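Student: Please take a close look at one part of this protein, the largest pocket and the residues around it. I would like one connected account rather than a list.

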Amino acid sequence: MIEGILAKKLGMTQIFSADRVVPVTVVKADLCHVTQRKTREKDGYDAVQLGFEEKKEARTPKPMQGHFKKAGTPNLYHVAEFGGEELDAYKPGQAVKCSEVFKVGDVVDIRARSKGRGFAGVIKRWNFSRGPMSHGSGHNRAPGSIGQSAYPSKVFKGIKLPGQMGNKEITIQNLEVVDINEEENIMLVKGCVPGPMGAVLTITRSIKKKGRG
């Protein structure tokens with residue numbers, strides 16, 4: 001079985017389970033199309049290439065149009081490869097549902113690009129404390145000293161400074177699949193996942209834990 005799928009983040013809500021409230025992220029796992037089957041004999045490794053989210057032909061580069069046409073799938077925005085077991089069962093043009101890959105109780109890892117927050121100072125980016133606000137210190141939100149003078153006469157790499165905040169690939173591990181709606185291809189995952197609403201998610205089986213289902 002393939003080890004993951006592509007999906008879209010719809011937002012967060014909460015559900016009631018027994019005597020507790022469970023925060024969940026709603027994930028829309030629309031049909032993923034098999035666009036290519038990678039084999040060890042031809043490509044050097046075994047994998048299934050999935051495409052997600054249809055797009056217009058005019059927005060698809062000619063080489064990719066040919067790629068999708070050969071596979072017998074619509075033109076798609078996002079393409080990713082997944083490993084797994086018994087991959088010979090997946091053929092180009094086949095549609096894959098989330099309920100065919102995951103079940104309630106499975107533990108998954110979810111990767112996505114986090115929200116980009118632009119250029120940020122050290123207080124917002126690294127949670128620094130501000131300096132004194134009175135008596136003309138002039139050191140309110142500045143980072144402060146970052147090195148020495150004579151030795152080592154340089155600034156060490158990795159110093160926390162102002163810069164780009166967010167807009168990075170983030171992976172949240174060990175999230176539990178709470179519920180699956182097979183008709184709507186919707187999954188409820190316990191906890192939060194990276195990215196804004198509408199972000200494309202890569203959902204794979206957890207590399208650290210196994211599901212309870």
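Tutor: What follows starts at the pocket and works outward along the chain. The model is a predicted one.

The largest pocket holds about 170 Å³ of space. Its lining is made up of Thr35, Gln36, Arg37, Lys42, His67, Lys70, Ala71 and Pro92. Sorted by class, these are three charged, three polar and two nonpolar residues. Two elements, strand S3 (32-38) and helix H2 (62-71), each contribute at least two residues to the lining.

Arginine 37 is a good place to begin, as one of the lining residues. Its side chain meets that of aspartate 88 in a salt bridge, with 2.8 Å from N to O. This pair ties together distant parts of the chain: arginine 37 belongs to strand S3, while aspartate 88 sits in the loop between strand S5 (76-82) and strand S6 (95-96), 51 residues apart. The two partners differ in exposure. Arginine 37 counts as buried because its relative accessibility is 17%, under the 20% limit for that class. Aspartate 88 counts as exposed because its relative accessible area is 57%, which is over the 50% limit. The pair is also part of a network, in which salt bridges with shared partners join Arg37, Arg40, Asp46 and Asp88. Side chains of opposite charge can pair when their charged atoms come close. In total the structure holds 10 salt bridges.

The loop that carries aspartate 88 has a further feature. Glutamate 86 lies in the loop between S5 and S6, and its phi is near 55 degrees, a positive value in a residue other than glycine. Glutamate 86 is exposed, at 70% relative accessibility.

Back in strand S3, lysine 38 also belongs to that strand. Lysine 38 is buried, with a relative accessible area of 13%. Apart from neighbours within four places in sequence, lysine 38 contacts Asp43, Tyr45, Asp46, Ala47, Gln49 and Glu81. Asp46 is thus named in two settings: it is a contact of lysine 38 and a member of the salt-bridge network.

Cysteine 32 is buried too, with a relative accessible area of 1%. Does that residue take part in a disulfide, or is it unpaired? A search of the whole structure finds zero disulfides. For cysteine 32, the closest cysteine sulfur is that of cysteine 98, 8.9 Å away, so the two are too far apart for a bond. Cysteine 192, by contrast with the buried cysteine 32, is partly exposed, at 47% relative accessibility.

Ahead of strand S3 in the numbering there is another charged pair. Aspartate 30 and lysine 28 form a salt bridge, and their closest N and O atoms are 3.6 Å apart. Aspartate 30 is partly exposed at 36% relative accessibility, whereas lysine 28 is buried at 19%.

The other contributing element, helix H2, leads to asparagine 75, which is placed in the loop between H2 and S5. Asparagine 75 is buried, with a relative accessible area of 14%. Setting aside neighbours within four places in sequence, asparagine 75 is in contact with Glu53, Glu54, Lys55, Lys56, Glu57, Thr60, Gln65 and Phe68. One of these contacts, glutamate 53, is found in strand S4 (residues 47-54). Glutamate 53 has a phi near 75 degrees, a positive value in a residue other than glycine. It is partly exposed, with a relative accessible area of 26%.

A few features elsewhere in the chain complete the account. Glutamate 169 and arginine 111 form a salt bridge in which the closest N and O atoms are 4.0 Å apart. Here too distant parts of the chain are linked, since glutamate 169 is in strand S10 (residues 169-181) and arginine 111 in strand S7 (residues 107-113), 58 residues apart. Both partners are partly exposed, glutamate 169 at 46% and arginine 111 at 39%. Glycine 116, in strand S8 (residues 116-120), is exposed, with a relative accessible area of 53%. Beyond residues up to four places away in sequence, glycine 116 touches Gln164, Met165, Gly166 and Asn167. Finally, a cis peptide bond joins tyrosine 151 and proline 152, with omega about 5 degrees. Proline 152 lies in the loop between helix H4 (122-126) and strand S9 (163-166).

Technical notes
Residues are numbered from 1 along each chain as its sequence is written. This is a predicted model: local features need pLDDT of at least 70, side-chain atom pairs count only at pLDDT 80 or more; totals for chains, interfaces and linings use all residues. Side-chain values use heavy atoms; hydrogens and water are left out. On a 1 Å grid over the protein atoms alone, a cavity is a set of points where a 1.4 Å probe fits but cannot get out, and a pocket is an open set with protein on both sides within 12 Å along at least five of seven lines; lining residues have an atom within 4 Å of a point. Grid points are joined across faces, edges and corners, and a volume is the space filled by probe spheres set on the points. Helices (H or I, at least four residues) and strands (E, at least two) are DSSP runs, numbered from the N terminus. Ala, Val, Leu, Ile, Met, Phe, Trp, Tyr, Cys and Pro count as nonpolar, Asp, Glu, Lys and Arg as charged, and the others, Gly among them, as polar. Buried means under 20% relative accessible area, exposed over 50%, partly exposed in between (1.4 Å probe, protein chains only). Contact means heavy atoms within 4.5 Å. A disulfide is a pair of cysteine sulfur atoms within 2.5 Å.
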